[in-house]
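Student: I'd like a close look at one part of this model, the second largest pocket. Could you walk me through its lining and the parts around it, and tell me how far to trust what I see?

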Amino acid sequence: MGPTGAGKSTFIDRAVERPDMGAGHDLTSCTREVRAVRYPHADGVRNIVLVDTPGFDDTFMTDVQILKRIAYWLNSTYKKNVKLSGLLYLHRISDNRVGGTPLRNYNMFKELCGKDNFKNVILVTTMWDEVTEEVGSAREQELHADFWRAMIALGSTTHRFERTTESAWKIINSLSVPPLASRRPLQIQKEMVDEHLPLYKTAAGRTVLDSLNDLMSGVKGIFRRFGRGRKKLSSPTTQDSRTPPRRSSTLRSSSSSTFTSSDSSAVGRSAGTGIISTSSSGTCSMEGYQSVLSQVISALRASLGTAELVRIHYLKNAIAPSLSLALFIEVKLRW
């Protein structure tokens, strides 16, 4: 498991000695379904099954849709009394910070596994060919000391994946495979199969909901700031009664892909993960417009995901057209 673009499909393709059939070469997701690959072990006695999963922040699916697919596969296999021997969590060492999607994915992964299974987890760093040894080692130490410290303390181990067949098998063989009788189900399997909890009441489901709520709160702040700015701009001003009222410049701004801002001087504002920069005329730049649109799309995705998770179908049907329209505008702007 791991974020989109972490190298999950590449790991499996290297392990089974085939070209990168399922792997993408950028951050566009290529794995949309849970994909199991059976391959004979080098000992000639047993087979192993490597299971590829879609990453969060998927290009085509919401986080809730991804969690649903992973949970469905895990629960289906558990009902057949099939339990995992181990889990690999992949992380790009090329990421210069841990936050956003990688942090959300990692937190969900921890809750999906449960602390009792941390000893069967290997935390794998990838993309070492994209950084120098010095930079990579420094980031690796930070991961061990901070980000992964809790899991390592409870038995998780760490490895580097060097994009070779030998490296993949070194990681696979480092798993301490417990006997069938002593293998434990994952936390989400116990919650949904044994305790009959719906997905949104599981620990992993609550984590996804919390991240969606945080995202929604950030986007609401953007609209509040724009709302205050529009009120200031629309306040009455003194003008000669003989002078016909001037037409609002908002329409002109809209045709040139700009937003009206409350400030008359140049200013840059933080908007979640983007920057809204305004000119001296009080209009938002194209970059700012695209940043806000990106935030709106994220909010609509979050809303859609929440509606899917708690099964509010009428709300889902109301949000979906707005998201489609926002995505259409985003594509047009790129042209």
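**The second largest pocket and its surroundings**

Tutor: Let's start with confidence, since this is a predicted model. Among the elements of the chain, strand β5 (residues 157-160) has the highest mean pLDDT, 98, while helix α9 (residues 250-255) has the lowest, 36. Over the whole chain the mean pLDDT is 78, with 73% of the residues at 70 or more. One stretch to treat with care is residues 245-280, where the pLDDT is below 50; the model still gives this stretch 71 contacts beyond near neighbours in sequence. Another is residues 22-28, where pLDDT stays under 50 and the model has 18 contacts beyond four places in sequence.

Now to the pocket itself. The second largest pocket holds about 1100 Å³ of space. It is lined by 37 residues, and V49, V51, L84, S85 and G86 are the ones closest to its centre. By class, that lining breaks down into 24 nonpolar, seven polar and six charged residues.

Where does the lining come from? At least two residues each are supplied by α1, β1 (35-40), β2 (47-52), α2 (63-79), β3 (87-92) and α6. The largest share belongs to β2, with six residues.

Two of those contributors, α1 and α6, also pack against each other. The axes of helix α1 (residues 8-15) and helix α6 (residues 165-173) come within 8 Å and cross at roughly 100°. An angle from 65 to 115 degrees counts as roughly perpendicular, so that is how α1 and α6 lie to each other. On the α1 side the contact is made by F11, R14 and A15, and on the α6 side by T165, A168, W169, I171 and I172. By class, this contact has six nonpolar residues, one polar and one charged.

Another contributor, α2, has a partner too: α2 and helix α10 (residues 286-309) pack with their axes 8 Å apart, at an angle of about 35°. Here V64, Q65 and K68 in α2 meet G305, T306, E308 and L309 in α10. The class count for this contact is two nonpolar, three polar and two charged residues.

Finally, go back to L84, S85 and G86, which are among the residues closest to the pocket centre. These three also line the second largest cavity, together with L87, N117, N120, P178, R183, R184 and L186. That cavity has a volume of about 50 Å³, and its lining has four nonpolar, four polar and two charged residues. In total, the structure holds three cavities of 30 Å³ or more.

Technical notes:
Residues numbered from 1 in each chain as written. Predicted model: local features only at pLDDT ≥ 70, side-chain atom pairs only at ≥ 80, totals over all residues. Heavy atoms only, no water. pLDDT = per-residue confidence, 0-100. Helix = DSSP H or I, 4+ residues; strand = E, 2+ residues; numbered from the N terminus. Contact = heavy atoms within 4.5 Å. Axes fitted to C-alpha atoms, helices over the stretch in contact; angles between N-to-C directions. Parallel < 35°, antiparallel > 145°, perpendicular 65-115°, else oblique. Nonpolar A, V, L, I, M, F, W, Y, C, P; charged D, E, K, R; others polar. 1 Å grid on protein atoms, 1.4 Å probe; cavity = no way out; pocket = protein on both sides within 12 Å on 5 of 7 lines; lining within 4 Å. Points joined across faces, edges and corners; volume = space filled by probe spheres on them.
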